Amino acid sequence: MIYTVTLNPSIDYVFKVERFEEGCLNHIFDEEALPGGKGLNVSRIMKELGTTSTNLGFLGGFTGSFIEDKLEEYQIAHDFVRIAHSTRINLKMKSATETELNGMGPTITSQERQQFMENINKIEAGDVVILSGSIPHSLSENFYEDIVSIVEAKGASFVVDTSGEKLWKLLAKKPLLVKPNRDELALLFNRKINSLTEIIECGQALLTKGAQHVIVSLGGEGSVYIGQTGIYKARPIKGQLVNSVGAGDSMVAGFIDTLIKTQNPLDAYRVAVACGTSTAFTQDLANLSQINEVLPSVSIKQVKE
Ligand SMILES: Nc1ncnc2c1ncn2[C@@H]1O[C@H](COP(=O)(O)OP(=O)(O)OP(=O)(O)O)[C@@H](O)[C@H]1O
Ligand SMILES: O=P(O)(O)OC[C@@]1(O)O[C@H](CO)[C@@H](O)[C@@H]1O
């Protein structure tokens, strides 16, 4: 069984402004509300790839109901804890550039936290748990560590898509995959990262610290895969950027889904690139036919043994 954990889901309010001017009244000319949150996005792409996963986390208020309704519509299994406070709304503005404003998220009571832990305790040996995104401010910064202790004790494996100190601490627990983007990698190592050599150096350090597979995503510049079988770079695929929100989550979904199905990390990396790219080229997350359309254009090259 695959579980995705989204502790801090969101409604992603994606909107377009012709030329955004700070401090002025700006009119929106295109808008859409989408269910968001990293784990949720991973589950949606996995569903496109034909894989069932269950969403765990916290949902509250009318915003939480919106997300629940969408998951029902998409026929994605979920076992969220219903909370008293409302799920956040994240703003995703498309103008000359993409700007994001993410809410801080609701307060979670200790009783709600306890309920969530009961759900996590249902995990069984062989399950895969994908932990993605921010932790609501009222939960401890170590909350992922608490979850991973249970995952480990149950004999399940995990993926973590988060940044900073939280990620460092979890590397020793051997995550199946970590997928920092360039900024997250720079933050993690507290240094500027410009060249491919620097990316490889940091990626290899993550591997040495315990990660089983590493993908460093570079937005429109493609990505780099660092694993036991070598280091590979995916050539960026040209196309019209529509909305890159969720492109990284799509990569995580494509990689883990294919790795579970084939045990072949390079095949998994190819599908990851197709999923990330096709999502960047669409308003919402990509669907299966969009992913399949991009797949033949994926080209990966070994850059180091
Ligand atoms: N402008 C683009 N053109 C082509 N491909 C893109 C573009 N932006 C993203 N991608 C694809 O999506 C992948 C992931 O993108 P990115 O590095 O932006 O992830 P991210 O920062 O984790 O995104 P998010 O947090 O929004 O999910 C890239 O490695 C690339 O394959
Ligand atoms: O604030 P977090 O939890 O780090 O990120 C949340 C978020 O930006 O991530 C997803 C894209 O990756 C969006 O759907 C969502 O709004």
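Select ligand 1 in this predicted model and display what surrounds it: the shell holds 22 residues, and the closest are Ser217, Gly220, Ala247, Gly248 and Gly276. Colouring that shell by class gives 9 nonpolar, 12 polar and 1 charged residues. Next, highlight helix 8 (247–262) and helix 9 (265–280), each of which supplies at least two residues of the shell around ligand 1.

Keep helix 9 highlighted and turn to the largest nonpolar core, a set of 69 residues in which Ile130 and Phe255 touch the most other members. Helix 9 gives the most to this core, with 8 residues. Domain 1 (1–18 + 30–176) and domain 2 (177–305) both contribute residues here, so the core lies between them. Select Phe255 to look at this region from one side chain: leaving aside residues up to four places away in sequence, Phe255 touches Leu177, Ile215, Ala268, Tyr269, Val271 and Ala272.

Now colour the two domains separately, following the domain assignment, which gives domain 1 as 1–18 + 30–176 and domain 2 as 177–305. Their centres, taken over C-alpha atoms, are separated by 20 Å, and 32 residues of domain 1 are in contact with 32 residues of domain 2. On the side of domain 1 that touches domain 2, elements that each supply at least two residues include strand 2 (10–17), strand 3 (28–36), helix 1 (38–48) and helix 5 (164–171). Select helix 1 last, since the largest share of that side, 7 residues, comes from helix 1; by class, the residues of this side of domain 1 divide into 16 nonpolar, 5 polar and 11 charged.

Terms used:
Residues numbered from 1 in each chain as written. Chains lettered and ligands numbered in written order. Predicted model: local features only at pLDDT ≥ 70, side-chain atom pairs only at ≥ 80, totals over all residues. Near = placed C-beta within 6 Å. Helix = DSSP H or I, 4+ residues; strand = E, 2+ residues; numbered from the N terminus. Nonpolar A, V, L, I, M, F, W, Y, C, P; charged D, E, K, R; others polar. Core = buried A, V, L, I, M, F, W, Y, C linked by C-beta atoms within 7 Å. Buried ≥ 20, exposed ≤ 12 C-beta atoms within 10 Å, placed from the backbone. Domains from an automatic or database assignment. Contact = placed C-beta atoms within 7 Å.
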